[in-house]
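Thank you all for coming. I would like to take a few minutes this morning to walk through one model, going region by region, and I ask you to keep the picture in view while I talk.

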Amino acid sequence: MPAEIAAHIVGTYELPGEAVFPESIGVDSATGDAYVGSLADGTLFKLTSEGKADLWGAGGQDGRGSVAGVKVDGRGRLWVAGGYDGTLRVYDPRTRELLACLDTGARPSLVNDIVFGPRGGAYVTDSLIPALFFADDEPASLERWVDLTAAGIPWPDGLNFNGAVLTADRRHLVACQTNLGRFWRIDLASREVVEVALDGGPLEHCDGLAISGSTLYVAVNARNLVAVADLADDGSAGQVTGLLRSDAFAFPTAVAVSGGRLLVVNSQLDRMGGRPRVPFTVVAVAIPETW
């Protein structure tokens with residue numbers, strides 16, 4: 001059985017607004033700053049290395065009505081998954097200039113997460129469309145890179161492919177399937193898709209992923225925890241080794257590694273249409289040295 005560990009909260013970012021419902025987080029490794037997006041209205045926030053949470057871009061700007069995954073690439077550009085808008089946008093964080101706006105070309109859509117390949121370009125999950133998308137390093141379009149139905153992946157109603165990461169060997173992606181709790185490995189060379197043999201799975205309600213070396217962090221939203229797994233370098237197998245819990249977690253949908261901390265996004269998506277706890281927060285958790 002995986003060890004249950006009480007998360008040690010070492011910091012809290014309070015997001016301005018009463019209906020933020022943040023969904024994901026991306027860290028700029030060069031500056032230590034992080035970006036968070038609102039699934040509800042497309043607002044973008046910047047979390048500074050000094051511990052502040054500032055408004056970066058208002059909801060509706062550039063037609064941005066929803067934001068799921070946000071990531072910063074090696075060139076310092078901010079990539080923004082458009083959630084229910086079915087879009088992918090790329091920004092220059094310094095000037096806030098919109099560099100590209102791409103579309104899946106199909107609806108319904110939920111463009112969810114972004115992971116950068118070893119040779120550049122971005123692989124993109126959509127929780128409603130059974131395909132993995134790809135945009136090259138000078139993004140001009142979103143192409144359907146893998147047909148998941150043709151690959152034999154079950155695709156029931158609800159939210160399917162969600163968080164994704166690049167494996168330690170940099171030759172594969174691993175993506176989680178929220179409604180089934182299953183994890184899938186995608187070979188970047190052959191595009192073959194196979195299930196990850198995860199000891200301690202399935203992890204129903206798995207959401208955002210983060211990876212550091214061979215350690216995989218999984219936000220498990222409805223269970224209010226972050227699962228920790230030891231993942232093979234090629235992503236073929238893994239073992240859940242720990243479960244981080246805290247009363248400070250509130251339907252966590254995303255995690256990111258920043259130094260010796262794990263940033264956890266408290267989305268409160270289970271309270272949309274109800275009474276969320278204000279302020280919305282992102283909490284910093286000290287990463288335990290051992291599991």
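I will take the pocket, then the strands, and then the salt bridges.

Please keep in mind throughout that what you see is a predicted model, and that the values I quote are computed from it.

Let me begin with the largest pocket, which holds about 830 Å³ of space. Its lining is made up of 38 residues, and those lying nearest the centre are V27, K71, V72, F116 and I211. If you ask which elements give two or more residues to that lining, they are β3 (22–27), β7 (70–72), β11 (111–116), β15 (161–166), β20 (206–212) and β24 (252–258). Sorted by class, the lining of the pocket comprises 18 nonpolar residues, 13 polar ones and seven charged ones.

One of those lining strands, β3, also belongs to an open sheet of four strands, which follow the order β3-β4-β5-β6 with antiparallel pairing. In this sheet β3 and β6 (53–57) are the edge strands, each of them pairing on one side only, and from one strand to the next the twist averages 30°. Within the sheet, β4, covering residues 34–38, is joined to β5, covering residues 44–47, by four bridges, and Y35 is the residue that stands opposite K46 in β5.

I now turn to β12, residues 122–126, where all five of the five residues are buried. From this strand A122, V124 and D126 point one way, while Y123 and T125 point the other way, and every one of them is buried. What does β12 pair with? On the one hand it pairs with β11, antiparallel and over five bridges, with V111 having D126 as its bridge partner. The hairpin of β11 and β12 has five residues between the strands, and in that hairpin G120 takes a positive phi near 90°. On the other hand β12 pairs with β13, again in the antiparallel sense, over four bridges, and here V124 stands opposite F133. The hairpin that joins β12 to β13 passes through four residues.

That leaves the salt bridges, of which the count comes to eleven. The one I would point to at the pocket is formed by K71 and D113, whose closest N and O atoms are 3.1 Å apart. This pair links distant parts of the chain, since K71 sits in β7 and D113 in β11, 42 residues apart, and both residues are buried.

A second salt bridge joins D137 to R77, with the closest N and O atoms 3.0 Å apart. D137 lies in the loop between β13 (131–135) and β14 (143–147), and R77 in the loop between β7 and β8 (78–81), so this pair ties together parts that are 60 residues apart in sequence. The two partners differ in burial: D137 counts as partly exposed because its relative accessibility is 28%, whereas R77, with a relative accessible area of 9%, is buried.

A third example is E195 with R182, which meet at 2.7 Å, N to O; E195 is in β18 (residues 193–195) and R182 in β17 (residues 182–187), 13 residues apart. E195, at 37% relative accessibility, counts as partly exposed, and R182, at 27%, does too. Finally, salt bridges that share partners join D73, R75, R77, D137 and E138 into one network, and R77 and D137 are the pair I described a moment ago.

Technical notes:
Residues numbered from 1 in each chain as written. Predicted model: local features only at pLDDT ≥ 70, side-chain atom pairs only at ≥ 80, totals over all residues. Heavy atoms only, no water. 1 Å grid on protein atoms, 1.4 Å probe; cavity = no way out; pocket = protein on both sides within 12 Å on 5 of 7 lines; lining within 4 Å. Points joined across faces, edges and corners; volume = space filled by probe spheres on them. Nonpolar A, V, L, I, M, F, W, Y, C, P; charged D, E, K, R; others polar. Pairing = 2+ DSSP bridges. Axes fitted to C-alpha atoms, helices over the stretch in contact; angles between N-to-C directions. Salt bridge = Lys/Arg side-chain N within 4 Å of Asp/Glu carboxyl O. Buried < 20%, exposed > 50% of the residue type's maximum accessible area, 1.4 Å probe, protein only.
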